[in-house]
Amino acid sequence: MDCHAISSIHWFSSEPILPKAWLCSRRYNRKRRWLKCAQFYVEANMSIVLQGGCRCGAVRYEITEVFDAGYCHCNRCRKRSGAPVFAFAVIPHEAFALLRGELFAEPVERLGRDMVCRSCRTIVYFDMGDRVSIAIGFLDQPARVKPTFHQCTSSKLPWLDILDDLPRFAENIVTHPSERASPIVCEQESG
Ligand SMILES: [Zn+2]
Ligand SMILES: [Zn+2]
């Protein structure tokens, strides 16, 4: 299994995702089912300001919304990170702002392109068009974005035990974050 999770992840949803305006609609909030979805929507698209950057510090970015976050156990993410499992967050492209630094693009098959720091060659983000994915480890405060699922567990290393109760997906086809019992939660800054 070599899914390149952060570039070819697929979300599926059995229900339409609520537009933000619906959150203010009492008519829909009276219906419990919609209220539940609405709450998930808020959490899945939590407004937040987070900054991060490459290893050398030349590239800095800011994100203002997190769409999804998870662990990927695929071979490609393993090679890419050198770690047994890769923690990533998916950001709507319009919520990602490059603050400084020079990047060059490296196409990855037909999936998208790696955006790489010219100085230190860190892969700063993966450009999927309408969304980008980042390594949580490159955030200044990585503890604030918590992965909410495991994907590509069919490629999990046999000596790695998953001890949490997060949903697990054998491949890179995962439920939409709004439908998961473990919605995206970004810790607000304390103090
Ligand atoms: Zn992967
Ligand atoms: Zn750099």
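1. A residue is taken as buried if 20 or more other C-beta atoms lie within 10 Å of its own. In this predicted model, that criterion is met by 5 of the 5 residues of strand 4, and the strand is therefore largely enclosed by the rest of the structure. Asp 68, Gly 70 and Cys 72 point one way from strand 4, whereas Ala 69 and Tyr 71 point the other way; all are buried.

2. As to the chain overall, 4 helices and 12 strands are assigned. Buried residues constitute 36% of the 191 residues. Of the contacts with a separation of 6 or more, 63% are between residues 24 or more positions apart.

3. An open sheet is formed by 7 strands, in the order 7-8-9-10-5-4-11, with mixed pairing. Its edges are strand 7 (103-108) and strand 11 (150-151), each of which pairs on one side only.

4. Strand 4 has two pairings to note. With strand 5 the sense is antiparallel, over 5 bridges, and Gly 70 stands opposite Phe 88 of strand 5. With strand 11 the sense is parallel, over 2 bridges; here Cys 72 has Gln 151 as its bridge partner.

5. Strand 5 (residues 86-92) is also joined to strand 10 (residues 131-135), again through 5 bridges, and these two strands run antiparallel. Within strand 10, Arg 131 is the residue opposite Pro 92.

6. The largest nonpolar core comprises 30 residues, and those with the most contacts inside it are Val 66, Cys 72, Phe 88, Ala 89, Ile 91, Val 124 and Ile 134. Two or more residues each come from strand 3 (60-65), strand 4 (68-72), strand 5, strand 8 (112-117), strand 9 (123-127) and strand 10. Strand 5 gives the most to this core, namely 5 residues. Two of the residues named above recur in the sheet pairing: Phe 88 stands opposite Gly 70, and Cys 72 is bridged to Gln 151.

7. Arg 168 merits a separate remark. This residue lies in the loop between strand 11 and strand 12 (173-175). Is Arg 168 buried or partly exposed? Arg 168 counts as partly exposed because it has 17 C-beta neighbours inside 10 Å. Apart from neighbours within four places in sequence, Arg 168 is in contact with His 150, Thr 153 and Ile 162. Between the C-alpha atoms of Arg 168 and Ser 154, which are 14 residues apart along the chain, the separation is 9.8 Å.

Key: Residues numbered from 1 in each chain as written. Chains lettered and ligands numbered in written order. Predicted model: local features only at pLDDT ≥ 70, side-chain atom pairs only at ≥ 80, totals over all residues. Pairing = 2+ DSSP bridges. Core = buried A, V, L, I, M, F, W, Y, C linked by C-beta atoms within 7 Å. Buried ≥ 20, exposed ≤ 12 C-beta atoms within 10 Å, placed from the backbone. Contact = placed C-beta atoms within 7 Å.
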